[in-house]
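Biologist: Please take a close look at the aromatic residues in this model. I would like to know how the rings are arranged and what surrounds them.

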Amino acid sequence: MSSMQYYVAQSLDGYIADDRDGLDWLLSFGFEAFQASYDRFFAGVGAIVMGAATLRFLTASGEPWPYPDLPTWVLTHRPLPVIEGADLRPVADDPARVAAEARAAAGDRAVWVVGGGATAAQFADLGELDELLVTVMPVTLGRGARLLPTTGGPLAWRLEGSTVFENGAVELRYSRATD
């Protein structure tokens with residue numbers, strides 16, 4: 001069975017976007033230092049889940065669809081745009097059903113929960129989020145969008161490994177702790 005992974009970058013103080021939902025602070029670090037790590041991660045992805053805000057962010061860039069040939073569930077209450085090369089599947093509710101469908105589509109590969117902390121938190125609250133892959137960037141923002149704003153009680157995670165990058169960023173890999 002596939003795992004659901006939340007692969008994301010955050011500031012030292014736990015934000016994934018600034019208070020204007022911007023990522024300039026993250027983009028200023030560039031991609032070169034992280035490319036090999038991202039490529040290894042992405043090679044294991046078989047399906048994607050994201051929220052509507054992440055889809056809007058991706059389409060606003062004007063770049064080609066970054067996830068061709070991967071089924072992508074989008075949590076939204078609005079119609080989705082037609083995007084060349086994208087296999088978009090809109091879902092208005094029932095994240096448990098989304099998790100089951102995405103896991104089945106991914107097969108023995110992972111489901112990547114892309115983007116927003118609120119989207120990832122829905123799956124974490126349901127016990128569907130299996131792994132966190134968080135790259136902590138050496139910057140503080142003070143406010144913004146939280147990494148994982150869950151609504152239930154505390155969730156326990158087990159550190160599985162870490163990677164230190166030359167620019168001071170650290171990737172932390174956690175799995176959900178089970179008793």
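Modeller: What follows covers the aromatic pairs, then the charges over rings, and then a strand residue and the main pocket. The model is predicted, and the values below are computed from it.

A pair of aromatic rings is described by the distance of the centres and the angle of the planes. With ring centres required to lie within 6.5 Å, the count comes to 11 aromatic pairs. One of them joins F41 and W112: the ring centres are 5.1 Å apart and the planes stand at 85 degrees, so this pair is edge-to-face, the cut-off being over 60 degrees. The two partners come from distant parts of the chain, since F41 belongs to helix α2 (residues 35-43) and W112 to strand β6 (residues 110-114), with their positions 71 residues apart. Both F41 and W112 are buried.

W112 also pairs with F42. Here the centres are 6.2 Å apart and the planes are at 75 degrees, so the pair formed by F42 and W112 is edge-to-face. This pair again links helix α2, which holds F42, to strand β6, which holds W112, and the two residues are 70 apart in the chain. The exposure of the partners can be put in figures. W112 has a relative accessible area of 5% and is therefore buried, as the limit is under 20%. F42, at 23% relative accessibility, counts as partly exposed. F41, F42 and W112 belong to one aromatic cluster, which also takes in Y7, Y38, W65 and Y67.

Two rings have a charged side chain over a face. R89 lies over the face of W73, at 4.7 Å from the ring centre. R146 is placed over the face of Y15, at 4.5 Å from the ring centre.

Phenylalanines also appear among the contacts of T135, a residue of strand β7 (residues 131-137). T135 has 7% relative accessibility and so counts as buried. Leaving aside residues up to four places away in sequence, T135 touches F34 and F165, together with V8, A9, Q10, A169, V170 and E171.

Another phenylalanine, F57, is found at the largest pocket, where F57, L23, L26, V114 and G115 are the lining residues nearest the centre. This pocket has a volume of about 1,400 Å³ and is lined by 41 residues. Helix α3 (residues 52-60) supplies the largest share of the lining, 5 residues. By type, the lining divides into 25 nonpolar, 12 polar and 4 charged residues.

Technical notes: Residues are numbered from 1 along each chain as its sequence is written. This is a predicted model: local features need pLDDT of at least 70, side-chain atom pairs count only at pLDDT 80 or more; totals for chains, interfaces and linings use all residues. Side-chain values use heavy atoms; hydrogens and water are left out. On a 1 Å grid over the protein atoms alone, a cavity is a set of points where a 1.4 Å probe fits but cannot get out, and a pocket is an open set with protein on both sides within 12 Å along at least five of seven lines; lining residues have an atom within 4 Å of a point. Grid points are joined across faces, edges and corners, and a volume is the space filled by probe spheres set on the points. Helices (H or I, at least four residues) and strands (E, at least two) are DSSP runs, numbered from the N terminus. Ala, Val, Leu, Ile, Met, Phe, Trp, Tyr, Cys and Pro count as nonpolar, Asp, Glu, Lys and Arg as charged, and the others, Gly among them, as polar. Buried means under 20% relative accessible area, exposed over 50%, partly exposed in between (1.4 Å probe, protein chains only). Contact means heavy atoms within 4.5 Å. Rings of Phe, Tyr and Trp (its six-membered ring) pair if their centres lie within 6.5 Å; planes under 30 degrees apart count as stacked, over 60 as edge-to-face and the rest as tilted. A charge sits over a ring if NZ of Lys or CZ of Arg is within 6 Å of the ring centre and within 35 degrees of the ring normal.
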